[in-house]
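Reader: Before I use terms such as paired, buried or cavity, I would like to see what each rests on. Can we take them in turn?

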Amino acid sequence: MARPTSMAETKLPFSALSVVLLSLLLPFLGSALTAGGSILSPFPRQYQSKYGEVAAAVGANNIILNPRFEDGLKNWSAKGCRVELHESMADGKIVPQSGKLFVSATDRTETWNGIEQELTGRVQREVAYGVTAIARIYGNVTAATLQLTLWVQEQDRREEYISIARQVTDKDWVQLQGEFLLNGFPSRVIIYFEGPPAGTDILINSLTVGDSMGNSNSSNSKTNIIVNHDFSQGLQSWHPNSCEGFVVSSDSDNPGLLARLVGGYAVVSNRKESWQGLEQDITARVSPCVTYSVSAIVGVSGHIQGSAEVIATVKLEQQGSGTQYLRVGKTSTSKGKWNKLEGTFSLSTIPDRVFFYLEGPSPGVNLLIKSVVICNPDCSKPKDSFCGSAAKDDENLIVNPNFEDGSNNWSGRGCKIAVQNSAADGKIVPQSGKVFAVATGRTQNWHGIQQEITGRVQRKLAYEVTAVVRIYGNNVTSADVRATLWVKNPDNREQYIGIANLQAKDSEWVQLQGKFLLNGSPNKIVVYLEGPPPGTDLLVNSFTLKHATKVPPSPLPIIENPAFGVNILQNSNLSDATNGWFPLGNCSLNVATGSPHVLPPMARESLGVHESLSGRCIAVTKRTQTWMGPAQMITDKVKLFLTYQISAWVKIVPGAASGPQNVNVALGVDNNWVNGGQVEINDDRWHEIGGSFRIEKQPSKVMVYIQGPAGGVDFMVAGLQIFAVDRVARFKHLRRHADKIRKRDVTLKFTGGDSSSLHGTFVKVRQTQNSFPLGTCISRTNIDNEDFVDFFVKNFNWAVFGNELKWYWTESQQGNLNYKDADDLVELCRAHNIDMRGHCIFWDVDGTVQPWIKSLNKDDLMKAVQNRITDLLTRYKGKFKHYDVNNEMLHGSFYQDRLGKDIRPYMFKTANQLDPFAALFVNDYHVEDGCDTRSTPERYIEQVLDLQERGAAVGGIGIQGHIDSPVGPVVCSALDGLGILGLPIWFTELDVSSTNEYIRAEDLEVMLREAFAHPSVEGVMLWGFWELFMSRENSHLVEAEGEVNEAGRRLLALKKEWLSHASGEIDESGEFGFRGFHGSYRVEVVGLSKKVTKTFVVEKGDGDTPLVLNIDLSSS
């Protein structure tokens, strides 16, 4: 948000909504707090306190969440910069004054950049709050003014900035201290640090904001949690919700009902909607799993005949998860009468904000409120359980889980079940307990053992299933066992949810474990085990289903001395012969010359100016196996959670190979193979290998080696580099590129008055939406969850369906068409003006093709293909802006193998005829990461050119983007290569995976910034965002029960960064200029007599051509 640079510039009027922030304790603040003196009212005498008293009271009642950063960066966000967590800085010279951690606001390019936390809902009107912060600076200055600022947005969207400030140094931690008080009812309150010049880091050790009078708001008592419950203090702590309100005292001259009252009451008037009423923020005064009773005395007045309904409601607001409403109670009342409204409520968790409000009567009817009481009558403490009828966290929802009661509550699913104490002549006995269950007589894979759990699980809660299983019989020693949930919905639609699977053995018991979540409210729910081949018995020793334990957020990895850009390999330039290297297998290593002296391009992009390579290489000869080649141990040189880039030149010895050869840089991490990049070679030139890797679990052994060509084929390796990448430096580079291609110079020419009258008028420009397409994958089951839908429609402007448009979904059995799921998703997207990609018409990978299609002869298959494309594109003509025509043609060729090479261009031609306005895409994976020789950019380019030559209307290039440990220059190299085709490039299925959500957030930022900064990329689609509904583990941005994690917060921060704001004054020519991202804007022109608001759009322009827009101020 743009803001004044000093208090003197705010010039805020004194009003009931003004915010007062005073430093009564720091006399040296001087003009920082007195320049705006016309708006500042001093604290009432009872709120004033001495320096030491404030510190003590504040510490006892801190409303700052995560004040000492012990929970990482949770609840904090960057303001126009980056925020990082540290144990130390400056080679250990800077350590926390207290605690173990501190944060830095770094990459600051403006003085207002810093770190912030939203306080909305946690501060009260007319309560004095003391503020104490421990801070310092670090960087390019030794001393600077550090400000702690309160930003307040009023109900009329007016903004105010009030600050306390102090000169700080880079030599030691100092304490900032002051007080503030809210006189009004702001809609938002944010506290943040700012001030030092750009390039200087702000360091924060702790922040405390507390009631300086030491007041406590405990909800676990019989006291009323409603403040000013009888309106004896006017409307203090109450807020009219989009209407007006006032308090009438008993000594008023109003006739009728008023004369029969003792004391006063509130009148809520000018109501234009039934939901408008009077509300109070009770966030700080409620606790989870406590039952609160509500009692209110209410009435009505005004133009009313008969009775009116008054409703008590609790509103729950959660950032990233939308707003929910709980109906607490209602009563009917009529004019001239008072009625009691009663009810109860209980919250399982406390969201960001909780409001109690009264509503209900028809528009135009005044709502009267005499008093409101909300209390906990039995003084019950929060219980370790879900509120209502939900089970305790540790309660097993399975009945008879260990089969001690025989097979009661269990049944066979297509087979028989029995309970036994042993099997196989006593060789199989229970792992625990005395018995186990056996599903026997199985004739289908889906046969097994089941239990109905209808009524025992709740929607939108995550549950964990654990089963101890094994198999027996039919000479099968290992087989897949799956835990599955079968759900029947109110519309009779059936759904199968995979919970977990593993390879079970006949030799031992193994534990099957997984999670699930129900988005909707099904009529029937059955959990069952299935999987082994027919004839093999499925054995179950125990089965547990519990509410899933919430996993604490992973901490931010602290990496000491990452040594970015430093090659961790020994003797990489071979100046010491082959010392440090050894042959893997029975091959020979020798030093040769004649290799390139320049770094490979992808490494050069990361490392910048770098010394030349030596020209020496390792010649690998006498190879008899593909895996033989040079190797080096790097166990002690690799640091956990660092992303490493791999770069090398490789060459096949002329004459040694017959046909193309793969060369691969691989890592052996304990017993796992990790792909570090590979290239296919079919000539005698030097080729670049580029790739990346990251290790997130401490290994006992790490070895890098080069392998791949067939036995007998000699090859050479030169300039192999493995180095940690500096992502922060890359981000700075990408910001500059994004500024060039995603922004435009704009001149607003104001008309409707002469230039002399407009000159000097204040203008505020705010971007409301960036036009860059950012979408996500959604599924039919997701949209039954209103929290999912709320996050989706707020944060994405495009959608793609996970399965619902694929042929195996719409016609799993020949002739039985199912478009209902896709229709529901289309309806949702169109209702919210969200554009859609059609994924996919066909899928060329054999394993994705329905059995009935595989059984068709050539003629019938061609007819089925024609029917499919005609049905789909006729039904949805004009509704999908893109189609992936034939998915993953670099990795599969089912239709081409059966129908000939012309089938691919035929699909594109026919789709173009049926829906000429849809852009038709190719779509494939591993194009951007350098680890798959089947889908290199070069091969993709060849495929597109071949399709175009045969008449296919290829309209775009889809890069799926299922990527691990991405490195910017490797991704950018692929984009640069594909860019020569001149077609729009989209990341169509982007997801990143890491066990640590901070690293996941970094990976996501890498990909989004690379896309946003590249001129050929025209959109990004995420392959989902909600836990348990992703195709890859550890890739979600939102936890299963709705909490946005660090990766999700990073997405939201980038979206915020990619919005432009500007403010200033109209010049003498009646113009105001700024540079902003493409997208939709709102401009406010604040004159002496009125404020005029207009909207406009900044379109992408040609080159550096500025956009000139005429804004007519006379037409409002």
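Author: Two strands count as paired if DSSP finds at least two bridges between them. The model is a predicted one, and in it the bridge partner of Gln 632 in strand E40 is Val 704.

Reader: What makes E35 and E40 a pair?

Author: Strand E35, residues 629-633, and E40 share three bridges in the antiparallel sense. The requirement is at least two bridges, so E35 and E40 count as paired.

Reader: How do you know that E37 and E40 pair?

Author: By the same reasoning. Strand E37 (residues 661-669) has six antiparallel bridges with E40, and at least two are required, so E37 and E40 are a pair. Val 702 in E40 is the bridge partner of Val 669.

Reader: Why is E40 called mostly covered?

Author: A residue is buried if its relative accessible area is under 20%. In E40, residues 702-707, six of six residues are buried, so the strand is called mostly covered.

Reader: Which residues of E40 point one way and which the other?

Author: Val 702, Val 704 and Ile 706 point one way, while Met 703, Tyr 705 and Gln 707 point the other way, and all are buried. In a regular strand, side chains alternate between the two faces of the sheet.

Reader: What makes E25 mostly covered?

Author: Four of the five residues in strand E25 (residues 448-452) are buried.

Reader: Which strands pair with E25, and over how many bridges?

Author: Strand E22 (residues 411-413) pairs with E25 over three bridges in the antiparallel sense, with Arg 413 opposite Gly 448. Strand E30 (residues 524-530) pairs with E25 over four bridges, again antiparallel, and Leu 529 in E30 is the bridge partner of Ile 449. Each count satisfies the rule of at least two bridges, so both are pairs.

Reader: How does the span of helix H8 compare with the expected one?

Author: Helix H8, residues 820-831, has 12 residues and reaches 17 Å from its first C-alpha to its last. The span expected at 1.5 Å a residue is 16 Å, and the helix is close to that. After H8 comes Asn 833, with a positive phi near 55 degrees.

Reader: Which residues of H8 are buried, and what covers them?

Author: The buried ones are Asp 821, Ala 822, Asp 824, Leu 825, Val 826, Leu 828 and Cys 829. Their cover includes strand E44 (774-778), helix H6 (786-795), strand E45 (798-801), H7 and E46.

Reader: Why is a space called a cavity?

Author: A 1.4 Å probe fits there but cannot get out, which means the space is a cavity. A search of the whole structure finds seven cavities of 30 Å³ or more, and the largest holds about 70 Å³.

Reader: What lines the largest cavity?

Author: Lining residues include Lys 806, Trp 807, Cys 840, Phe 842 and Tyr 895. Helix H7 (807-810) and strand E46 (835-843) are the elements that give two or more residues to this lining, and E46 has the largest share, three residues. The lining divides into seven nonpolar, two polar and one charged. Tyr and Cys count as nonpolar and Lys as charged, so Lys 806 is the charged residue in the lining.

Conventions:
Residues are numbered from 1 along each chain as its sequence is written. This is a predicted model: local features need pLDDT of at least 70, side-chain atom pairs count only at pLDDT 80 or more; totals for chains, interfaces and linings use all residues. Side-chain values use heavy atoms; hydrogens and water are left out. Buried means under 20% relative accessible area, exposed over 50%, partly exposed in between (1.4 Å probe, protein chains only). On a 1 Å grid over the protein atoms alone, a cavity is a set of points where a 1.4 Å probe fits but cannot get out, and a pocket is an open set with protein on both sides within 12 Å along at least five of seven lines; lining residues have an atom within 4 Å of a point. Grid points are joined across faces, edges and corners, and a volume is the space filled by probe spheres set on the points. The expected span of a helix is 1.5 Å times one less than its number of residues. Contact means heavy atoms within 4.5 Å.
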